[in-house]
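Colleague: Can we go through the backbone oddities and the surface in this one?

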Amino acid sequence: MPRFSVIVPAYKVQAYLHECLESVLGQSFLDLELIAVDDCSPDACGTIIDEFAARDARVRAVHLPENVGLGRARNAGLERATGDYLVFLDSDDTLTPGALGAVADRIRETDDPDVLVYDYARTFWSGEVVRNKVSAQLAEDGPAPFRLEERPGLLRLLMVVWNKAYRREFVERAGLRFPPGYYEDTPWTYPALMSAGTIATLDRVCVHYRQRRHGSILGTSSRKHFDVFEQYDRVFAHVAAHPELDRWRPVLFRRMVDHFATVFVKRGRLPRASRAEFLRKARTHCRRYRVPGAPAAPRTRLRHALVGLGAHRTYRLLSFLSRIRKRAVRITAGLRRAVRGAALQFHYRVQLRLPLRADRAVFSSYWGRGHGCNPGALESAFRSFAPHIRTAWIAHPEHQHTIPAPARPLSPGTAGYWTALARSKYLVNNVNFDRRLVKRPGQIMIQTQHGTPLKRMGLDLQDRPAAARGTDFAELLRGADKWDYCLSGNRHSTLVWERVFPSSYTTLEYGLPRNDVFQHATSADVDRLRESLGIPAGTVAVLYAPTFRDYRAGRPAGPDLERVLRRLGPRFVVLARAHHAEGAFAETAGGRVIDVSGHPSVESLCLASDALVTDYSSLMFDYAVLDRPIVVLAEDWEAYEAARGTYFDLRAFPPGAVARGEDELVDVFATGLWRDARAERLRAAFRERFCPYDDGRAAERVVRHVVLGESAGLPPFVPFAERRPVPSAEAALARGPGPERPLGSVPAPGAAVPLSETL
């Protein structure tokens with residue numbers, strides 16, 4: 001008997017079905033059966049299902065002789081299910097990597113509840129991914145499992161069947177089945193939640209809910225939308241048959257009226273000639289099921305009243321007036337923004353005519369994301385070595401808490417922002433400033449860059465459309481023409497920057513200021529950082545930091561971190577840091593995957609970790625300064641190279657061991673390849689080539705040269721043999737008294753999956 005029965009009904013979804021089924025069969029949790037129901041689809045759905053069934057014994061193909069609709073197709077799958085738990089998935093949606101493993105773990109932690117509710121995210125055809133807006137209802141704090149009356153806020157979630165796992169015995173005992181018609185989820189989900197003896201939640205996105213460009217079937221104009229009335233008749237009939245559920249009538253009534261109003265106001269759902277009839281029928285249902293104690297929320301009170309009255313013309317008039325009001329608000333706001341923008345630009349032009357302030361410097365990094373990176377290290381160095389210079393930092397309000405007290409915070413687009421850009425002598429950034437900035441005579445702009453280039457940059461992207469994505473190369477060069485200095489950490493970077501950003505700036509091969517901290521930090525700093533991040537003492541903390549992919553939307557699939565940790569054993573934890581262009585990682589309940597995507601300092605994360613796992617992120621060049629183990633996960637090198645392009649083959653000149661997939665990654669750590677003698681030799685060669693100047697004094701050299709005018713007599717570069725980067729906690733433990741702790745037994749790739757993997 002499998003743990004999960006995943007039921008996927010399919011009808012006219014041949015373009016999406018393959019991805020859907022792959023998302024189930026590709027789960028790291030293997031103990032499942034996939035029941036794919038061909039609802040007599042006229043396209044290739046049936047053939048696709050048969051192909052999957054032929055190659056994987058876990059797939060059970062069901063072909064219905066006639067089209068029966070989504071609800072009855074689900075029933076057909078339900079009748080054949082043998083799993084402990086039922087999971088429903090629409091055939092154009094997908095499970096996220098590791099979803100079933102996370103569901104299985106949460107079910108086990110909460111003593112096999114009748115229903116487990118998990119989260120979803122809407123995935124748009126444009127590549128945008130938006131998480132459920134009421135995901136706070138899925139918080140795992142407090143006792144679990146529970147009954148619905150203890151967490152009634154769950155009824156605010158989207159009432160669909162596919163964001164929950166149901167214990168099959170409970171479903172059979174409750175007699176739950178799907179009715180025909182539209183909105184078939186309604187008479188399933190409400191009775192399931194109300195009748196469940198135990199419920200638990202999982203605060204994790206487990207389903208990607210596809211938003212098609214032309215919408216779903218519910219967005220088509222049809223009288224079938226009248227089915228919503230029968231579906232609520234079924235819900236209230238269920239309540240009538242179970243008097244103990246009477247307390248839910250007020251809530252159900254409010255949700256019903258909200259649902260009627262949604263169907264009515266959604267443009268294109270109801271044929272124009274049937275709209276008045278729909279509202280009259282809604283009025284009849286409101287009168288039939290109205291109960292005392294069901295007042296609507298203030299923001300929906302008018303809408304409820306209009307539905308209850310069946311006032312079709314009034315509703316249409318008020319809707320029209322509401323649209324007019326919203327349009328007027330948008331126009332007014334647009335005019336206000338235009339006037340404000342014009343006033344600010346006038347203010348900026350006035351400031352440009354006033355004298356430069358030789359004692360002012362303004363900094364920013366990553367388009368206003370906060371104090372950090374090379375500009376952050378330089379801002380600190382300005383205060384240390386040129387204290388007569390007053391510093392300001394440009395950051396959006398939500399990031400201004402990262403700015404140290406001596407620096408003046410500035411919000412982009414304000415009068416103070418434009419004043420600083422117009423009158424500060426020194427302008428420092430790791431990306432370009434606002435394109436409207438006018439570089440004045442006497443101003444000095446320092447382009448710090450934000451790493452060593454592995455992937456192609458600047459003009460080298462002209463023949464890489466996936467990576468360039470509409471880049472204005474003329475504007476890019478106009479920005480480079482404003483630079484006075486460009487920082488470089490090595491000869492490789494210098495040659496790349498001067499070729500891909502050709503202009504008259506001066507390159508300063510002084511090292512990268514953001515890496516200075518690696519030479520100055522102490523073991524006490526490392527311990528403090530680990531404690532603040534919640535890293536258990538005595539564990540090996542692996543920083544996982546993938547880069548983004550130009551050729552695909554969303555985060556790369558990457559390894560299943562939970563599965564990797566289960567195979568490596570309890571000594572390892574992962575600090576997971578997503579690229580700033582992508583969303584956060586899901587943390588595990590046991591705390592072994594710690595999401596650090598929002599941490600303001602990647603340098604602190606490097607110091608706290610014992611090893612780095614990355615794919616093609618430039619972070620590897622900085623991490624090499626620490627002389628700690630680096631593992632390259634090159635799963636899709638060929639695709640990455642084809643889409644983005646690189647300056648050298650990382651596999652041929654890596655900073656450590658190279659893994660080509662999840663199994664090899666486990667093997668690298670299980671066998672000690674991540675830190676053996678060969679890995680040390682590779683890292684030493686990598687450091688020699690890419691970290692020759694990162695000796696802890698890069699920021700000082702820049703300030704002395706650019707601000708203090710000390711072109712000669714700058715601090716000499718410290719030889720590699722004399723550098724002393726702070727050791728990792730794991731290395732310090734190994735060097736301390738007593739034997740080093742063993743890594744424990746780890747199954748080799750390809751070995752049988754442990755029993756705990758399927759529980």
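Modeller: Backbone geometry comes first, then a surface patch.
This is a predicted model, in which local features need pLDDT of at least 70, side-chain atom pairs count only at pLDDT 80 or more, and totals for chains, interfaces and linings use all residues. Residues are numbered from 1 along each chain as its sequence is written, and side-chain values use heavy atoms, with hydrogens and water left out.

Colleague: OK, which residues does the cis peptide bond join?

Modeller: Ala144 and Pro145, with omega about 5°. Pro145 sits in the loop between strand S7 (129-131) and strand S8 (164-167); strands are DSSP runs of E, at least two residues, and helices are runs of H or I, at least four, numbered from the N terminus.

Colleague: And what is the phi of Asp111 near?

Modeller: Near 60°, positive in a residue other than glycine. Most residues other than glycine have a negative phi. Asp111 is in the loop between helix H4 (99-109) and strand S6 (115-124).

Colleague: Is Asp111 buried or exposed?

Modeller: Asp111 is exposed, at 60% relative accessible area (exposed is over 50%, buried under 20%, partly exposed in between; 1.4 Å probe, protein chains only).

Colleague: Where does Asp627 lie?

Modeller: In the loop between helix H21 (619-623) and strand S21 (630-633). Asp627 also has a positive phi, about 55°, and is partly exposed at 33% relative accessibility.

Colleague: New topic: where is Ile324?

Modeller: Ile324 is in helix H11 (residues 312-352), and is partly exposed with a relative accessible area of 38%.
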